[in-house]
Amino acid sequence: MRMSTPSFTRQNLLCAAALGLIFLCAPFPQVQIVLHAMLVLALAPRAGAPLSGTLWALAAGWVLEGSHLYPHMGGTAWADMTLTLLTGWMAGRWPLEGLKGWLGRLAALSVLHAFLVHGAVRLATVPYPWGGGWFWTLLSVPLWGWVAWRLLQSGPGSGRR
Amino acid sequence: MALRAARWRWSRTVWQRLFLLLLWLGQGTWVLLGPNPGRHWSQLADVFSRPSQGLASRWEGWRVARREARRNLAESRAETARLEAELAQWKTRAAQEAPRLSEADEAVRLLGLKQQIPLELKAARVIFSTRPATFGGLILDRGQDLGLVDDQGVLVPEGIVGRLWSVGGTQSKVLPADAPNASVAVMLMRSRATGVLQGLGSERALIRYLSNQEVVQVGEAVLTSGLDRVFPRGLLVGYVAEVAQGDLELRVVVNLAAPLDRVRLVLLLPPQPPLEVQPPFVAPEVKPPRKRGLP
């Protein structure tokens, strides 16, 4: 069973809601990072339509960094753009068949996302500690992966890919 | 090929992908610029502005150098003007002082001559010269007020000048030795042959009454013989300029030693001086005996 593609409106609304949550969760960085990974890796990517997802990822990166005021922002946004493009391409190239594959792919992309964000921010600013955000993100992949799966797949899809 | 070109039209998808690519590249470039991205622009601006800065620096240096040179030139001109004014002042002062200095030099020399001749000599200043005229002479500023009388000998450090021809109350006239009507008893320095000097004018004179047998050389000194009782023996008269054999006597032309046309201060011998005067005795310096063994 190939998973159906959600409608543009649903996906964009979900992305907007996630972006608002990221902004509102600024006092709780761990939650913010998990929401950020969910938006970039699960909600924004869309096979065959990379533009909207990339813009959502870009906004997510800037919102995350803007809430913490790095010395030179932009590294997270670039990493988010790259991962969203990669994820959308993967979704078109290797369509998912079920929840398990979806969660496994999210776990792998979470690790890659953590590395890429860290490297980009290090390039853009100065070396900084890793922190525990990547760990909580990886640990909560089943949770936010399942939530994203349910949100994207519930209701009638548009059928567009 | 034509099919591929047709597929690569500028469709909406291509525009989107191009926008995405530019967005991704721009964001990446922004990330790669690192912290303080303005420093790259500053460095780039520095690199591009280096030639203009060097040019401006050279231009400013040239202006400063030109200003300095102009100031130096103005200062040099002012200094030159000041020095020229000072030089003019010094020249004027030197011109004003020149006669006095010359007279002072002459007075010093006269003083030296006075110390060499152990006679009571008197000094007088030449105030006017009528020598260019026929039978002209020199007018002195002293006369009977100084006790002068006729036929007193007149001399300068270079040699004799002549004798007093006429003496007034405050002035007197000198008959120079080169006047046609002047005569001085002279003798040749080597042969000691005596004769009488008669003037020819123009500071030249002729020695009369010298025998053809005498040997006279050109350049030989001619001294006073003292026989005329105007000059004592041994005063310099002049030097032999020409020697020629005559019918009865030698024709000896003498260039007078005294510059008669440039005389300003003269010494006057006392009337009827002795035939011969001895120079004042000056004790020679006695060197201390050198001790043996000392350098």
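User: In this predicted model, which residues does L197(B) touch, if neighbours up to four places away in sequence are not counted?

Analyst: The general idea is that, in soluble globular proteins, nonpolar side chains tend to be buried together. In this predicted model, L197(B) touches A182(B), S183(B), V184(B), V186(B), A205(B), L206(B), I207(B), V237(B), V254(B) and L256(B), with residues up to four places away in sequence left out of the list. L197(B) belongs to the largest nonpolar core, which has 47 residues, and together with I207(B) it touches the most other members of that core. A second, separate core holds 29 residues, among them L35(A), V40(A), W144(A) and A148(A).

User: How should I read the make-up of chain A, and how many helices and strands are there in it?

Analyst: One begins with the elements along the sequence and then turns to burial and contacts. Chain A has seven helices and zero strands, which gives the pattern α-α-α-α-α-α-α when the chain is read along its sequence. Of the 161 residues in chain A, 46% are buried. If you take the contacts in chain A with a separation of 6 or more, 76% of them join residues 24 or more positions apart.

User: How do I read the interface, and what area is buried between chain A and chain B?

Analyst: The size of an interface is often given as the accessible area lost when the parts come together. Between chain A and chain B that area is about 1,400 Å², and carbon and sulfur atoms give 77% of it. In chain A, the residues that lose the most area to chain B are L51(A), H72(A) and W78(A), which together account for 42% of what that side buries. Counted by residues, 19 of chain A are in contact with 13 of chain B.

User: Which kinds of pairs cross this interface, and which elements of chain A touch chain B?

Analyst: Three residue pairs in polar contact are found across the interface of chain A and chain B, while the count of salt bridges between these two chains is zero. On the side of chain A that touches chain B, the elements giving two or more residues are helix 3 (50-66), helix 4 (75-93) and helix 5 (99-124). The residues of that side divide into 13 nonpolar, six polar and no charged.

User: Where, then, are salt bridges found in the structure, and how far apart in sequence are the partners?

Analyst: Side chains of opposite charge can pair when their charged atoms come close. Over all chains the structure holds eleven salt bridges, and one of them joins R71(B) and E68(B) at 3.3 Å, N to O. Because R71(B) and E68(B) are three residues apart in helix 3 (residues 38-116) of chain B, about one helical turn separates them. R71(B) is partly exposed at a relative accessible area of 42%, and E68(B) is partly exposed at 35%.

In another salt bridge, the closest N and O atoms of R204(B) and E242(B) are 3.1 Å apart. R204(B) lies in strand 8 (residues 204-208) and E242(B) in strand 10 (residues 236-245) of chain B, so this pair ties together parts that are 38 residues apart in sequence. E249(B) and R208(B) also form a salt bridge, with 2.9 Å between the closest N and O atoms. Here E249(B) is in the loop between strand 10 and strand 11 (250-256) and R208(B) in strand 8 of chain B, so the parts tied together are 41 residues apart in sequence.

User: Which residues are linked in a network of salt bridges?

Analyst: E79(B), R82(B) and E86(B) are linked in such a network.

Notes
Residues numbered from 1 in each chain as written. Chains lettered and ligands numbered in written order. Predicted model: local features only at pLDDT ≥ 70, side-chain atom pairs only at ≥ 80, totals over all residues. Heavy atoms only, no water. Contact = heavy atoms within 4.5 Å. Buried area = accessible area lost by both parts, 1.4 Å probe. Salt bridge = Lys/Arg side-chain N within 4 Å of Asp/Glu carboxyl O. Polar contact = N/O pair within 3.5 Å; in protein donor to acceptor, adjacent residues only side chain to side chain. Helix = DSSP H or I, 4+ residues; strand = E, 2+ residues; numbered from the N terminus. Nonpolar A, V, L, I, M, F, W, Y, C, P; charged D, E, K, R; others polar. Core = buried A, V, L, I, M, F, W, Y, C linked by side-chain atoms within 4.5 Å. Buried < 20%, exposed > 50% of the residue type's maximum accessible area, 1.4 Å probe, protein only.
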